[in-house]
Amino acid sequence: MTEKALRLGTRRSKLAMAQSGQVADAVSQVTGRPVELVEITTYGDVSREHLAQIGGTGVFVAALREALARGEVDFAVHSLKDLPTTQPDELVVAAIPIREDPRDVIIARDALKLTDLPRGARIGTGSPRRMAQLNAYARTHGMDIETVPIRGNVDTRIGYVTKGDLDAVVLAAAGLNRVGRSDEVTDFLSVDTVLPAPGQGALAVETTADNADLIAALAQLDDPLTRAAVTAERSLLAALEAGCSAPVGALADLLADGQIVKEMRLRGVVGTTDGSTLVQLSTTGPVPETHEAATALGRELATEMLAQGAAGLMGERAL
């Protein structure tokens, strides 16, 4: 007799379905059980408002978590950057698989790179973080650009360029890789130009805290270095008291000497969306061995950023 299928809760978007499908295959391999996708519509999927207006944090997550709590699904897959930084006691992130490319990318008309865009180029993004850093880059490099707020799925956003409404749009490399559209990228933005969102490119596999067997099985998909990096990034975000729609970028990367990983460098940025003011700092320390050490790395950098005036740059402080 075949074992009952595990039910994986996922958003309905093409990207969510693609990344959940990849996790489903991996879970099926480690558990030997079939995994079925259960599609759940979230408030963030149906609302037409801009993410910054509807609160950003958690709008794609709440419905999935409610389905978990009601026992309608056994586990759920989230884009880690959508998860609120406070974790409910009854749920546990059992796995953070190895991270995809965390960078942001541009898809521009005529295969243009960022530096080739004409004066007055209109660049679409729904992210205050991207706006702040792109506008700051433009200011320091003598470019004249206009950042235009947009929403929508990958097709909708790329459509703004193909239809000629915008000169370029900014998207996450990881999402395009997962839906097989990375060949449309015209420029990869260096993390020195635009720091990604905390946790960008990583997935969170969440289940209920009382499901010990499933937690143990899912833990086989966990990548400890990815977990340490995103924990530090999210700790920075939490210590700045900023939600995931705030203009905060963070990236923890590993500094290796040959094959041996020696240290972790955490970089953070916060700025006004017009790019006129940025606070950008970094710190380097031993690779965190524990959740507490990774959290401390993020908190320390946030404290330094707040001392440099970061709090005043974030507009609405998240409640």
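Student: What does helix α10 lie across, and at what angle to β12 does it run?
Tutor: Helix α10, residues 291-307, lies across β12 and β13 and runs at about 35 degrees to β12. The angle is taken between N-to-C directions, from 0 to 180 degrees, of axes fitted to C-alpha atoms, for helices over the stretch in contact. Contact means heavy atoms within 4.5 Å. Helices (H or I, at least four residues) and strands (E, at least two) are DSSP runs numbered from the N terminus. This is a predicted model, in which local features need pLDDT of at least 70 and side-chain atom pairs count only at pLDDT 80 or more, while totals for chains, interfaces and linings use all residues. Residues are numbered from 1 along each chain as its sequence is written, and side-chain values use heavy atoms, leaving out hydrogens and water.

Student: Which other helix lies across β11, β12 and β13?
Tutor: That is helix α5 (residues 128-140), running at about 75 degrees to β11.

Student: How do you know that β11 and β12 are paired?
Tutor: Two strands pair if DSSP finds at least two bridges between them. β11 and β12 (residues 260-271) have 10 bridges in the antiparallel sense, so they count as paired. One bridge joins L254 to M264 in β12.

Student: What makes β11 and β13 edge strands?
Tutor: The open sheet has three strands in the order β11-β12-β13, with antiparallel pairing. β11 (248-257) and β13 (278-286) each have a single partner strand, so one side of each has no neighbour in the sheet. On average, neighbouring strands here are turned by 15 degrees against each other, direction ignored.

Student: Why is V261 called partly exposed?
Tutor: Buried means under 20% relative accessible area, exposed over 50%, and partly exposed in between (1.4 Å probe, protein chains only). V261, in strand β12, has 35%, so it is partly exposed.

Student: Which residues form a nonpolar patch with V261?
Tutor: L225 and L254 join V261 in that surface patch, with about 200 Å² of accessible area together. The area comes from the Shrake-Rupley method with a 1.4 Å probe, only the protein chains shown counting as cover for residues. A patch takes residues with over 30% relative accessible area and no salt bridge, joining like charges within 9 Å and nonpolar side chains (Val, Leu, Ile, Met, Phe, Trp, Tyr) within 5 Å.

Student: How do you know that R129 and D104 form a salt bridge?
Tutor: The term asks for a side-chain nitrogen of Lys or Arg within 4 Å of a carboxyl oxygen of Asp or Glu. For R129 and D104 the N to O distance is 2.9 Å, so the pair qualifies. R129 sits in helix α5 and D104 in strand β5, 25 residues apart. R129 has a relative accessible area of 4% and D104 has 0%, so both count as buried.

Student: What makes D82 and R11 a link between parts apart in sequence?
Tutor: D82 lies in the loop between β3 (75-79) and β4, and R11 in strand β1 (residues 6-11), so their salt bridge ties together parts 71 residues apart. Their closest N and O atoms are 3.8 Å apart, and both residues are buried.

Student: Why is P97 called buried?
Tutor: Its relative accessibility is 16%, so P97 falls in the buried class. P97 lies in the loop between β4 (91-95) and β5 (104-108). Beyond its neighbours within four places in sequence, P97 is in contact with residues including L203, V205 and L221.
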